[in-house]
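New to this one? Here is a short briefing to read alongside the sequence and the 3D view.

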Amino acid sequence: MKLKNIKEIKATILIKTGLHIGGSNDEIKIGGIDNPIIKNPLTNEPYIPGSSLKGKIRTLIEWHFGVMTNDGKPADVTKNSDDKTKTIAKLFGNGSTIKDNNLAKEIGPTRVSFSDCALSNKNKLLEKNALTEEKVEVTIDRLKGSVGGSGPRHMERVPAGAEFEFNLSFLEFEGDEDFEGIIALGMKLLELTNLGGSGSRGYGKIEFLNISGLNSKYIENGKLKSYEALKESAGN
């Protein structure tokens with residue numbers, strides 16, 4: 001197995017609807033936020049963890065390929081060695097669970113590495129005093145049409161209009177299939193669904209802008225091509 005190239009795919013992640021990726025809440029204050037977002041402890045600025053991007057994109061690709069497991073765990077090439085699961089293992093890794101040396105050699109090292117995404121338009125948000133926002137949610141009693149007994153929930157979110165720096169490193173080995181098309185498809189699936197929590201309530205819609213490093217056949221005017229076009233390019 002010979003390393004042929006290391007590519008770097010960059011983009012801007014535009015937050016289109018409020019984003020909530022949960023952080024710790026060691027101290028709960030009366031009237032404070034019940035569900036804070038994750039922040040850089042040194043700057044107190046929100047960021048998008050690379051693990052959140054990798055986990056969601058992997059999950060979406062597993063759903064797309066039809067290899068989602070019944071137990072909800074990541075597709076495991078040691079339990080299912082079909083071509084699609086092998087592709088996912090090569091891209092996103094299979095941990096240290098591969099004991100068969102021949103299979104381990106075939107899969108090789110994890111191809112993609114997602115970086116944490118730093119906030120890139122902090123000053124614009126601070127002009128509006130909107131580095132984060134608080135959204136109050138309530139449960140409605142269906143019979144009475146009034147607020148339910150659980151009371152309001154105070155959700156912290158990154159506001160729409162925030163932008164983050166996306167960076168992905170991608171290893172290319174001799175003999176690899178066109179993994180780049182699968183990465184592009186995964187990014188598009190993320191755009192069409194959501195990132196973070198409460199997606200069914202409209203949270204976490206994002207868009208990739210100013211994409212560089214990705215093969216031009218997958219992008220148009222700095223954005224991803226349509227879902228149908230990317231499905232065809234990825235061979236699905």
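What follows is a quick tour of a predicted model, going from aromatic rings to cores, helices and a few single residues.

Three phenylalanines make a good starting point: Phe114, Phe166 and Phe208 form one aromatic cluster. Phe166 and Phe208 turn up again in the largest nonpolar core, where they are among the residues that touch the most other members. From there you can move on to helix 2, which is largely enclosed by the rest of the structure.

**Aromatic rings**

- The model has two aromatic pairs.
- One of them joins Phe114 and Phe166, with ring centres 6.4 Å apart and 65 degrees between the planes, an edge-to-face arrangement. Phe114 belongs to strand 3 (residues 112-114) and Phe166 to strand 9 (residues 163-173), so this pair links distant parts of the chain, 52 residues apart.
- Phe166 also pairs with Phe208: the centres are 5.1 Å apart and the planes sit at 70 degrees, so this pair is edge-to-face too. With Phe166 in strand 9 and Phe208 in strand 10 (residues 206-212), the pair ties together parts that are 42 residues apart in sequence.
- As for burial, Phe114 and Phe166 are both buried, and Phe208 is buried as well.

**Charges over rings**

- Look at Lys84 and you'll find its charged end over the ring of Phe65, 4.5 Å from the ring centre.
- Arg157 does something similar with Tyr203: its charged end sits over that ring, 4.5 Å from the centre.

**The nonpolar cores**

- In soluble globular proteins, nonpolar side chains tend to be buried together.
- Here the largest nonpolar core has 48 residues, and Ile13, Ile48, Phe166 and Phe208 touch the most other members.
- Which elements each supply at least two residues of this core? They are strand 1 (3-15), helix 1 (50-65), helix 2 (83-92), strand 3, strand 9, helix 5 (179-192) and strand 10.
- Helix 5 gives the largest share, eight residues.
- To see how one core member is surrounded, pick Ile13: leaving out residues up to four places away in sequence, its contacts include Ile48, Leu53, Cys117, Phe164, Phe166, Ile206 and Phe208. Ala162, Glu163 and Glu207 are also among the residues Ile13 touches.
- Another core, of five residues, lies apart from the largest one, and its members include Val77, Ala89, Ile98 and Leu103.

**Helix 2 and its surroundings**

- Is helix 2 largely enclosed or largely open? Eight of its 10 residues are buried, so helix 2 is largely enclosed by the rest of the structure.
- The buried ones are Thr85, Lys86, Thr87, Ile88, Ala89, Lys90, Leu91 and Phe92.
- These buried residues pack against helix 1, helix 3 (101-107), strand 3, strand 9 and helix 5.
- Just after helix 2 comes Gly93, with a positive phi of about 95 degrees.

**How helix 1 meets its partners**

- Helix 1 and helix 5 have axes that come within 9 Å and cross at roughly 100 degrees, which means helix 1 is roughly perpendicular to helix 5.
- On the helix 1 side, that contact uses Leu53, Lys56, Ile57, Leu60, Ile61, His64 and Phe65. Helix 5 brings Ile182, Leu185, Gly186, Met187, Leu189 and Leu190.
- With helix 2, the axis of helix 1 comes within 11 Å and the crossing is at roughly 170 degrees, so helix 1 is roughly antiparallel to helix 2.
- Here Lys54, Ile57, Arg58, Ile61, Glu62 and Phe65 of helix 1 meet Lys84, Thr87, Ile88 and Phe92 of helix 2.

**Single residues worth a click**

- Pro74 is in the loop between helix 1 and helix 2, and at 52% relative accessibility it counts as exposed. Setting aside residues up to four places away in sequence, Pro74 touches Arg58, Glu62 and Thr69.
- Between the C-alpha atoms of Pro74 and Thr85, 11 residues apart along the chain, the separation is 9.8 Å.
- Asn44 has a positive phi of about 65 degrees although it isn't a glycine. Asn44 sits in the loop between strand 1 and strand 2 (47-48) and counts as exposed, at 51% relative accessibility.
- Asn210 is another residue other than glycine with a positive phi, near 50 degrees. Asn210 lies in strand 10 and is exposed, with a relative accessible area of 56%.

Conventions: Residues are numbered from 1 along each chain as its sequence is written. This is a predicted model: local features need pLDDT of at least 70, side-chain atom pairs count only at pLDDT 80 or more; totals for chains, interfaces and linings use all residues. Side-chain values use heavy atoms; hydrogens and water are left out. Rings of Phe, Tyr and Trp (its six-membered ring) pair if their centres lie within 6.5 Å; planes under 30 degrees apart count as stacked, over 60 as edge-to-face and the rest as tilted. Helices (H or I, at least four residues) and strands (E, at least two) are DSSP runs, numbered from the N terminus. Buried means under 20% relative accessible area, exposed over 50%, partly exposed in between (1.4 Å probe, protein chains only). A charge sits over a ring if NZ of Lys or CZ of Arg is within 6 Å of the ring centre and within 35 degrees of the ring normal. A nonpolar core is a set of buried Ala, Val, Leu, Ile, Met, Phe, Trp, Tyr and Cys residues joined through side-chain atoms within 4.5 Å. Contact means heavy atoms within 4.5 Å. Axes are lines fitted to C-alpha atoms, for helices over the stretch in contact, and angles run from 0 to 180 degrees between N-to-C directions. Angles under 35 degrees count as roughly parallel, over 145 as roughly antiparallel, 65 to 115 as roughly perpendicular and the rest as oblique.
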